[in-house]
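Reader: Please take a close look at a single part of this model and its surroundings. I would like the cut-offs stated along the way.

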Amino acid sequence: MAKDDKFKEALGNRLRSLRLDAGLTLVELAEKSGVSYRTVIDIEKADTRPSVEVIRLLCNALEYPLSDFFKFKY
């Protein structure tokens, strides 16, 4: 697996974990963040590499600090 693929997988796992910890469904997170449902799914499935702006919107919706979001290993 390429390093970029590992990063996207780790990013998706991080988002899924935070979403579940917040008790939100995919639809709820999409609505609360203003990010499309399809984009949230694609991030969690490691099918896309989102911009920092998209991650910021998701973190705001999750009430999670952006500065802590990228604290994961891949």
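Reader: What covers the buried residues of H2? Please start there and work outwards.

Author: The cover over the buried residues of H2 includes H1, H3 and H4. Helices here are DSSP runs of H or I with at least four residues, strands are runs of E with at least two, and both are numbered from the N terminus. Contact means heavy atoms within 4.5 Å. The model is predicted: local features need pLDDT of at least 70, side-chain atom pairs count only at pLDDT 80 or more, and totals for chains, interfaces and linings use all residues. Residues are numbered from 1 along each chain as its sequence is written, and side-chain values use heavy atoms, with hydrogens and water left out.

Helix H2 spans residues 26-33, and Leu29, Ala30 and Ser33 are buried in it. Buried means under 20% relative accessible area, exposed means over 50%, and partly exposed lies in between (1.4 Å probe, protein chains only). Viewed down the axis of H2, the buried residues fall within an arc of 100°, so they line one face of the helix. That arc is taken from the directions from the helix axis to the C-beta atoms. Just after H2, glycine 34 has a positive phi of about 80°.

Leu29 also belongs to the largest nonpolar core, which has 19 residues; Leu11, Leu15, Leu29, Val40, Leu58 and Phe69 touch the most other members. H1, H2, H3 and H4 are the elements that give two or more residues to this core. Its largest share, six residues, comes from H4. A nonpolar core is a set of buried Ala, Val, Leu, Ile, Met, Phe, Trp, Tyr and Cys residues joined through side-chain atoms within 4.5 Å.

Leucine 15 shows how these parts meet. Leaving aside neighbours within four places in sequence, leucine 15 is in contact with Leu29, Val40, Ile43, Glu44, Leu58, Leu62 and Phe69.

Glutamate 44 leads on to the charged pairs. The structure holds eight salt bridges, each being a side-chain nitrogen of Lys or Arg within 4 Å of a carboxyl oxygen of Asp or Glu. One of them joins the side chains of glutamate 44 and arginine 16 at 3.5 Å, N to O. This pair links distant parts of the chain, with glutamate 44 in helix H3 (residues 37-44) and arginine 16 in helix H1 (residues 3-21), 28 residues apart. Glutamate 44 is buried at 6% relative accessible area, whereas arginine 16 is partly exposed at 28%. Arg16, Arg19 and Glu44 are linked in a network of salt bridges.

Helix H3 has another pair: the side chains of arginine 38 and aspartate 42 form a salt bridge at 3.0 Å, N to O. Because they are four residues apart in helix H3, about one helical turn separates arginine 38 and aspartate 42. Arginine 38 is partly exposed, with 44% relative accessibility.

Two loop residues other than glycine have positive phi. Alanine 46, with phi near 60°, lies in the loop between H3 and H4. Glutamate 63, with phi near 55°, lies in the loop between H4 and helix H5 (66-69). Glutamate 63 counts as exposed because its relative accessibility is 69%.
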